[in-house]
Each structure stands twice: as C-alpha cells, then as structure tokens.
Amino acid sequence: MAFLASAGWLFIGIANAGEALNAEQMKKWTARFEKEVWPLLSRNGKDGCVGCHTPRHRSTLRMSGRAGEEFERLLTGGFLLPEDPGAFLHVVSTPNPKTHMPPGKRAAWTADETALLKRFVIELDSALNQS
C-alpha cells in the first residue's frame, strides 16, 4: 500500500492513515510521538505550537493539548507527511518567512530538533507504506 501513491489516495488515505496501523503499531507510534515529538510541540507556553494552535487560532491546525489525541489528529490530518508543504516538517524547516513556523520572532526549531522530527516522519511514513 503506497501512502502517497496518488492524489486520490492522499485524500482517501489520510483519513484512514490510523487504520493503516494495527492497534499494536498505533500504540507504539503514539508512545514514540509522546516521547520524541510532543515535547517539541508543547514547549514555550503560548508561543509554542500547542499554546498557539488553540480553537481561537485561525488555522487548519488546532491542538487540544493531549498528546495521544494529537498524534491521531496529526496523522489523519496529513500534518505528519514527509513531503507536504503544509506539514510540520516543511513549516519548521522552510526558510520562507511567510510559511515558516513558528512565525515572527519566536524561537525557530534547531537543526537537531528538525532532524528528530524528520526521522520520526520518515520512519512513520515507511511504516505506513509497509502496512
């Protein structure tokens, strides 16, 4: 099963991405997300990803602040795709100030943090493509 095989699969497949992983795999990836990625998203209070992307924020991404719930939402919403220009990996690493996150003068992710996210996203994509 190819996760990014075609635009048709992208729209259909993203909604079912969590279903591409069995319960054991989903538990493993959720735990890894909570350990590796969630601390980066939840830091910096109101200036961090979780603090800014609240229901009051005008964005397609809204976070509840609950890591396990967020992993599934980010997975099915397409925010954990390796090549998508709207996904986390792209927006934290792009030099384009119009699309870069975090915006403005907020502290940018370090090279090590971006590399950690990239490794997570690529390995998750590989696991989804093997399912």
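Are Phe-33 and Trp-38 buried or exposed? In this predicted model, in which local features need pLDDT of at least 70, side-chain atom pairs count only at pLDDT 80 or more, and totals for chains, interfaces and linings use all residues, both Phe-33 and Trp-38 are buried (under 20% relative accessible area, with exposed meaning over 50% and partly exposed in between, for a 1.4 Å probe and protein chains only). Residues are numbered from 1 along each chain as its sequence is written, and side-chain values use heavy atoms, with hydrogens and water left out.

The protein chain contains six helices and zero strands (DSSP runs numbered from the N terminus, helices being H or I of at least four residues and strands E of at least two), and from the N terminus on its elements follow the order α-α-α-α-α-α. Of its 131 residues, 40% count as buried. Contacts (heavy atoms within 4.5 Å) between residues 24 or more positions apart make up 57% of those in the protein chain with a separation of 6 or more. The protein chain exposes about 7,600 Å² (Shrake-Rupley method, 1.4 Å probe), of which carbon and sulfur atoms supply 55%.

Six aromatic pairs are present in the structure (rings of Phe, Tyr and Trp, the last by its six-membered ring, with centres within 6.5 Å; planes under 30 degrees apart count as stacked, over 60 as edge-to-face and the rest as tilted). The rings of Phe-33 and Trp-38 have centres 6.1 Å apart and planes at 50°, so this pair is tilted. Phe-33 also forms a tilted pair with Phe-71, at 5.3 Å centre to centre and 40° between the planes. Because Phe-33 lies in helix H2 (residues 23-42) and Phe-71 in helix H4 (residues 67-76), the latter pair ties together parts that are 38 residues apart in sequence. Phe-33 has a relative accessibility of 0% and therefore counts as buried, and Phe-71 is likewise buried, with a relative accessible area of 0%. One aromatic cluster is formed by Trp-29, Phe-33, Trp-38, Phe-71 and Phe-120.

In soluble globular proteins, nonpolar side chains tend to be buried together. The largest nonpolar core (buried Ala, Val, Leu, Ile, Met, Phe, Trp, Tyr and Cys residues joined through side-chain atoms within 4.5 Å) comprises 25 residues, of which Phe-71, Leu-80, Phe-120 and Leu-124 touch the most other members. Two or more residues of this core are given by each of H2, H4, helix H5 (88-93) and helix H6 (111-130), and the largest share, seven residues, comes from H2. When residues up to four places away in sequence are not counted, Phe-120 touches Trp-29, Arg-32, Phe-33, Glu-36, Val-37, Phe-71 and Leu-80.
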